[in-house]
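I opened my notebook for a look at helix packing and cysteines. Here is what I had on screen.

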Amino acid sequence: MRIAVVDDEEIVRKRLQKTLEKEGHRVQTYPSGEAFLGSLEGASFDLVFLDVILPGLGGMEILQSIKARTPDLEVILITGHASLDAAIEAVKLGAFHYVSKPLRLEEIRHLTRKALEHKRLLEENRQLKARLEPLQGWEEMIGVSPAMKEVFQMVRKVAPLDCSVLIQGESGTGKELVARLIHRESSRRDQPFLAFNCAGFTEELIASELFGYERGAFTGATTTKIGFMEAAHHGTIFMDEIGDMPLSMQAKLLRVIQDRRIFRVGASRPIQLDLRFIAATNKELKQEVQAGRFREDLFFRLKVVEITLPRLADRPEDIPLLMQFFLSRYSHRFGKQVRIFNPDVREILLSYDYPGNVRELKNLLERAVALAEGETITVAELPPEMRESVRDSSEPYTTLEDREREYILRVLRHTNFNVGDTARILNLPRTTLWRKMKRYNLSKA
């Protein structure tokens, strides 16, 4: 990085310059704030070490001037009169950090590395936002992976054709989003889009919800009710979790798709409908057909075109884009200025398997932004089970013996210091365990 040191003490300037140049940075020193500000127009710095007490303009005034002119320039304030109030005020004005004299060189090196990482994350943030710009119209259906490009290509092809579509994929992969996207890109875009979940309902309830019913059709039917399909006339009906629909109801749905007409429950006259059918399932329908749980004729009626959505873990190149998208969305929604991810958080989120797919990532980041207190998502904002998967980077390394002692102690506590049970869990002879307990001074006391 290009670093500026602004301090009226020559010994401090020289000491910092020598330390930072050894780290590979280019350093320019200034004895006053006026001298630094005068050179700021023609120079491009990444970081400034700025003394608070200076002749002429003070450090706080210079900090405000820096942030007004170059907001991304990181500033670390130095003072011989450190106080919590001053530190809080400096951070509010945009300082990256705050250190006090006498300076500890290891702390200076550490803060410089942190500032470099912060700038790198901000730049990565800008690049991700630039990549997101052309994708915003697709809402949460974001991706640059080959699998998602194939999905988008299929959507563009099938949307104008007005044929039935079957969308398959695990829960949380965005099946309803794809269905809405197909509808939005079709000639029916100005007509209703209604979604119905087929899971967990009896045949009677599904029939009354989808087809509606006449007044007096059954006990409690005091008025005529229009069903989902009739309400979606001229538009699109999306039938989610179609694989869970009862077999007897599948026969009725097949007839509706073939004839494009329905009978309300208790009615004797049909109602003609103009509908597009899109269905989705997290089951493998071919296997359901072979098992006799799904009608083969309905399967082929629904899958005129089939779109399969990939698991999030199978398209890792899309995770950074989705992270940035949800970070921006919830930061804006909650009125916060959360902009970047702590490196440990990035590592966790990029390596996590996401059994709940995009929905799980979305929920994780909504929670993290809601809990965040600054501009950075930290490990503290992650769920406890994810926080346990990372150790603080500042934690010193320990020996194998220390780790062995910790693990044996943990198992002993789990068994309430039952040596026999502990030996079985550790797959050790009891005599070996006794020796290790004696060696590591492990006892219930």
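At what angle do helix 13 and helix 14 pack, and how far apart are their axes? I kept in mind that this is a predicted model.

**Entry 1: two helices**

I looked up helix 13, which covers residues 319-333, and helix 14, which covers residues 343-351. They pack at an angle of about 120°, and their axes are 10 Å apart. So I wrote down helix 13 as oblique to helix 14. I also noted the handedness: helix 13 passes helix 14 in a right-handed crossing.

Next I wanted to know which residues make the contact. From helix 13 I listed Ile319, Pro320 and Met323. From helix 14 I listed Arg346, Leu349 and Leu350. I then sorted the residues of this contact by type, and they came out as 5 nonpolar, no polar and 1 charged.

**Entry 2: cysteines**

How many disulfides does the structure hold? My search found 0 disulfides.

I wondered why Cys163 has no bond to the closest cysteine sulfur. That sulfur belongs to Cys198 and lies 19 Å from the sulfur of Cys163, so it is too far for a bond. For a disulfide, the two sulfur atoms would have to be within 2.5 Å. I checked from the other side too: Cys198 is in no disulfide, and its nearest cysteine sulfur is that of Cys163, 19 Å away.

Are these cysteines buried or exposed? Cys163 has 16% relative accessibility, so it counts as buried, the cut-off being under 20%. Cys198 is buried too, with a relative accessible area of 0%.

Terms used. Residues numbered from 1 in each chain as written. Predicted model: local features only at pLDDT ≥ 70, side-chain atom pairs only at ≥ 80, totals over all residues. Heavy atoms only, no water. Axes fitted to C-alpha atoms, helices over the stretch in contact; angles between N-to-C directions. Helix = DSSP H or I, 4+ residues; strand = E, 2+ residues; numbered from the N terminus. Parallel < 35°, antiparallel > 145°, perpendicular 65-115°, else oblique. Left-handed = near helix turned anticlockwise from the far one by under 90°. Contact = heavy atoms within 4.5 Å. Nonpolar A, V, L, I, M, F, W, Y, C, P; charged D, E, K, R; others polar. Buried < 20%, exposed > 50% of the residue type's maximum accessible area, 1.4 Å probe, protein only.
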